[in-house]
Amino acid sequence: MTTLHIDSSITGENSASRELSRSIVDRLNAGSVVYRDLAADPLPHLTLDAFADTSVLDEFLAADTVVIGAPMYNFSLPSQLKAWIDRILIAGKTFRYGADGPEGLAQGKRVIIALARGGFYNEGSPAAGLEFLERYLTGIFNFIGIEPEFVAADGLAIGPEQRAESIKQALGETVRLAA
Ligand SMILES: Cc1cc2nc3c(=O)[nH]c(=O)nc-3n(C[C@H](O)[C@H](O)[C@H](O)COP(=O)(O)O)c2cc1C
């Protein structure tokens with residue numbers, strides 16, 4: 001059993017997504033854990049030459065479980081995390097186009113994503129249409145054959161009480177997920 005643990009928040013020890021992703025990995029029967037901190041050790045933007053280096057893709061393919069800390073930046077994902085995704089969505093490796101359209105090739109992995117968002121984006125709420133983080137991550141993992149699971153701490157920028165309550169509730173969710 002191999003777990004790939006990824007963080008992408010820039011806020012270090014104050015990061016909610018880091019606290020949540022760590023809690024998930026600690027509670028899972030994670031086996032051997034490979035840790036990648038995309039803020040401390042960023043991948044460069046994709047270039048044509050970068051396709052020759054498959055180390056990031058190989059690390060993803062080798063993992064049974066992938067746990068990702070994903071903060072919302074400007075209604076979407078950190079560019080650090082996007083640079084990682086650019087290296088794992090590879091035609092012929094994690095998806096292919098066949099006669100019936102696109103087919104995911106990465107089935108069988110468990111992907112758990114810890115979201116941290118400053119506001120609330122529930123369906124029907126005024127900001128729902130600006131939610132491009134969970135929606136995007138669902139879309140790209142579905143595309144490669146994976147149904148991701150989410151834990152979310154929301155409303156973190158609203159105030160200290162809301163922040164504490166949201167993180168507490170999300171940490172409780174991590175217990176349920178790992179059970
Ligand atoms: C650069 C930046 C951009 C942000 N943009 C948004 C945003 O568009 N919508 C939102 O709800 N929160 C936004 N936030 C708030 C973060 O989502 C929130 O602080 C969250 O806790 C970040 O995750 P972290 O605690 O793991 O760092 C932003 C924060 C930063 C630092």
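**Entry 1: sorting the residues**

I count Ala, Val, Leu, Ile, Met, Phe, Trp, Tyr, Cys and Pro as nonpolar, Asp, Glu, Lys and Arg as charged, and the others, Gly among them, as polar. I should also note that this is a predicted model.

**Entry 2: the second largest pocket**

I applied those classes here. The second largest pocket holds about 160 Å³ of space. I found 14 residues lining the second largest pocket, and those closest to its centre are Thr 11, Ala 16, Pro 71, Ala 116 and Leu 156. Sorted by class, its lining has six nonpolar, six polar and two charged residues.

**Entry 3: the largest pocket**

I then turned to the largest pocket, whose volume is about 200 Å³. Which residues line the largest pocket? I noted Arg 117, Tyr 121, Asn 122, Glu 123, Ala 128, Glu 131, Glu 134, Arg 135, Thr 138 and Asp 154. By class, the lining of the largest pocket comes to two nonpolar, two polar and six charged residues.

**Entry 4: the sheet**

Next I traced the strands. Five of them form an open sheet in the order E2-E1-E3-E6-E7, and the pairing is parallel. At the edges I find strand E2 (32-37) and strand E7 (149-153); each has a single partner strand, so one side of each is left without a neighbour in the sheet. On average, and ignoring direction, neighbouring strands of this sheet are turned by 15° against each other.

I went through the pairs from one edge to the other. E1 and E2 run parallel and are joined by six bridges, and Leu 4 stands opposite Val 34 in E2. Strand E1 (residues 2-7) is also parallel to E3, with four bridges between them; there Leu 4 stands opposite Val 66. So far, then, I have met Leu 4 opposite Val 34 in E2 and opposite Val 66 in E3.

Seven bridges link E3 with strand E6 (residues 110-116), again in the parallel sense. Pro 71 has Ala 116 in E6 as its bridge partner, and I had already listed both Pro 71 and Ala 116 at the second largest pocket. For E6 and E7 I count five bridges in the parallel sense, with Ile 113 partnered by Phe 150 in E7.

**Entry 5: helices on the sheet**

Helix H3 (residues 79-88) packs on the sheet and touches E1, E2 and E3. The direction of H3 makes about 150° with that of E3. Helix H4 (residues 134-143) packs on the sheet too, touching E3, E6 and E7. The direction of H4 makes about 170° with that of E6.

**Entry 6: how covered are E3 and E1?**

In a regular strand, side chains alternate between the two faces of the sheet. I looked at strand E3 (residues 65-71) with that in mind. Thr 65, Val 67, Gly 69 and Pro 71 point one way, while Val 66, Ile 68 and Ala 70 point the other way. How many of the seven residues of E3 are buried? I get seven of seven. E1 is mostly covered as well, with five of its six residues buried.

**Entry 7: Thr 174**

My last stop was Thr 174, in helix H5 (residues 160-178). Is Thr 174 buried or exposed? Its relative accessibility is 0%, and buried means under 20%, so Thr 174 counts as buried. I then asked what surrounds Thr 174. Beyond its neighbours within four places in sequence, Thr 174 is in contact with Leu 20, Ser 23, Ile 24, Arg 27 and Val 151.

Key. Residues are numbered from 1 along each chain as its sequence is written. This is a predicted model: local features need pLDDT of at least 70, side-chain atom pairs count only at pLDDT 80 or more; totals for chains, interfaces and linings use all residues. Side-chain values use heavy atoms; hydrogens and water are left out. On a 1 Å grid over the protein atoms alone, a cavity is a set of points where a 1.4 Å probe fits but cannot get out, and a pocket is an open set with protein on both sides within 12 Å along at least five of seven lines; lining residues have an atom within 4 Å of a point. Grid points are joined across faces, edges and corners, and a volume is the space filled by probe spheres set on the points. Buried means under 20% relative accessible area, exposed over 50%, partly exposed in between (1.4 Å probe, protein chains only). Helices (H or I, at least four residues) and strands (E, at least two) are DSSP runs, numbered from the N terminus. Two strands pair if DSSP finds at least two bridges between them. Contact means heavy atoms within 4.5 Å. Axes are lines fitted to C-alpha atoms, for helices over the stretch in contact, and angles run from 0 to 180 degrees between N-to-C directions.
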